[in-house]
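Biologist: Please take a close look at the place where the two chains meet. I would like one connected account, with some word on how far the coordinates can be trusted.

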Amino acid sequence: MARISDVTIKDEQLYWDHRFQRHTIKLLPGDFDVINGEEMLVTVLGSCIAACIRDTQSGIGGMNHFLLPSENKNGQPKNWHDYDSEATRYGDLAMEQLINNIIGMGGKRENLEAKIFGGARMFKTTFSDIGGQNIAFVKEYLKTEKIRITKNDTAGTNARKVYYIPSTGEVFLKRITRTNNNTIELREREYMDEANHARTTADISFF
Amino acid sequence: MGKKILFVDDSASMRQVVGIALKNAGYDVTTAVDGQDGVSKLGDRFAAIVSDLNMPNMNGIEMIKAIKQDANNKFAPIIMLTTESSDEMKKQGQAAGAKVWIVKPFKPDQLIGVLKKLLG
């Protein structure tokens with residue numbers, strides 16, 4: 001089972017943010033969460049993408065944090081553009097879970113707006129533009145779903161910290177120009193290894 | 001013309017992916033955007049119905065119940081295609097009349113395999 005489909009937010013991911021005076025949920029790579037209150041979502045992105053989607057009428061909304069698996073078992077790059085590639089299935093799932101949960105909590109598809117962040121060129125150790133592939137995927141997905149993108153801060157070489165308040169739609173973005181360590185890269189690497197080995201085929205039950 | 005399949009999903013991306021795969025496999029596909037839209041297409045007689053679970057207006061379970069009341073389509077096997085994997089939901093689906101439960105992510109080939117098994 002892909003980690004992305006059985007995410008549960010742990011207690012240590014919840015904190016009171018003093019600056020914003022709000023309960024806050026910190027999302028890690030592979031997580032998503034949807035809220036219908038005043039709470040805030042926060043995540044740190046390198047090559048990964050966060051889609052922040054909300055119903056502009058009810059304020060129900062959420063965020064995901066994902067990366068397309070970029071390599072097949074032989075270490076060859078995957079082509080997300082192939083309509084039934086493993087990478088696309090994984091990305092579709094990350095987006096669908098977020099949108100389904102918003103609708104499940106009472107959001108309306110026709111009211112949805114999206115803000116997208118991340119997709120930086122982070123991994124100094126590879127030449128392939130992982131971030132760029134992720135950006136192209138999420139834009140194409142939202143276009144197909146006819147969900148408008150009202151804010152797009154993607155690409156570049158800096159990591160980002162994104163604060164999102166679904167109830168108001170506000171975003172606070174911090175560009176991380178210098179880090180003392182490579183935690184972001186390591187965390188994303190670890191997540192990508194997981195994604196590369198995640199289940200992308202179905203469990204089927206016949207009744 | 002191939003066997004008629006009704007595919008119901010509120011995600012345009014899913015309708016695109018599954019639509020292409022079923023067409024390539026020789027099926028005659030009709031798509032619907034939610035349960036209500038699915039029910040409105042029941043004037044046709046389908047060989048099988050493939051549906052998402054969580055959809056606005058009318059969800060997959062309610063739609064199955066409506067299909068089972070429809071003289072044209074009550075014999076069509078219903079395949080649920082969903083991210084929902086809990087036994088509780090599967091039981092509800094089975095009780096309503098679903099024949100197969102596929103948990104996403106899935107390969108289009110797997111869905112076609114299931115259809116061939118049911119309709120072959």
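Modeller: In this predicted model, Asp203(A) stands opposite Val103(B), a residue of strand S5(B). That pair belongs to a strand pairing across the two chains: S11(A) and S5(B), the latter covering residues 100–103 of chain B, run in the antiparallel sense and are joined over four bridges.

The strand pairing is one part of a wider interface, in which 27 residues of chain A are in contact with 27 residues of chain B. On the chain A side, at least two residues each come from helix H1 (86–104), helix H2 (130–144) and strand S11 (203–206). H1(A) gives the most to this side, with nine residues. By type, the chain A residues that touch chain B divide into 10 nonpolar, eight polar and nine charged.

H1(A) also has a part in the packing of nonpolar residues. The largest nonpolar core has 51 residues, and those that touch the most other members are Ala50(A), Ala51(A), Ile53(A) and Leu98(A). H1(A) supplies the largest share of this core, again as nine residues. For a single residue in this core, take Ala51(A): leaving aside neighbours within four places in sequence, its contacts are Met63(A), Asn64(A), Met95(A), Leu98(A), Ala114(A), Ile116(A) and Val138(A). Another core lies apart from the largest one; it has 32 residues, including Leu6(B), Ile64(B), Met80(B) and Leu115(B).

Met63(A), one of the contacts of Ala51(A), also has a place in a strand pairing within chain A. It lies in S6(A), where it stands opposite Asp33(A). The strands concerned are S3(A), residues 32–35, and S6(A), residues 61–64, which pair in the antiparallel sense over four bridges. From S3(A), Phe32(A) and Val34(A) point one way, while Asp33(A) and Ile35(A) point the other way; all are buried.

As for confidence, chain A has a mean pLDDT of 84, with 84% of its residues at 70 or more. Confidence in chain A is highest in strand S7(A), residues 112–118, at 98, and lowest in helix H3(A), residues 183–196, at a mean of 81. Residues 1–6 of chain A have a pLDDT below 50, although this stretch has 17 contacts in the model beyond near neighbours in sequence. Where pLDDT is low, predicted coordinates should not be read in detail.

Methods:
Residues are numbered from 1 along each chain as its sequence is written. Chains are lettered from A and ligands numbered from 1 in the order in which they are written. This is a predicted model: local features need pLDDT of at least 70, side-chain atom pairs count only at pLDDT 80 or more; totals for chains, interfaces and linings use all residues. Two residues are in contact if their C-beta atoms, placed from the backbone, lie within 7 Å. Ala, Val, Leu, Ile, Met, Phe, Trp, Tyr, Cys and Pro count as nonpolar, Asp, Glu, Lys and Arg as charged, and the others, Gly among them, as polar. Two strands pair if DSSP finds at least two bridges between them. pLDDT is the predictor's confidence in each residue, from 0 to 100. A nonpolar core is a set of buried Ala, Val, Leu, Ile, Met, Phe, Trp, Tyr and Cys residues joined through C-beta atoms within 7 Å. A residue is buried if 20 or more other C-beta atoms lie within 10 Å of its own, exposed if 12 or fewer, and partly exposed in between; C-beta atoms are placed from the backbone.
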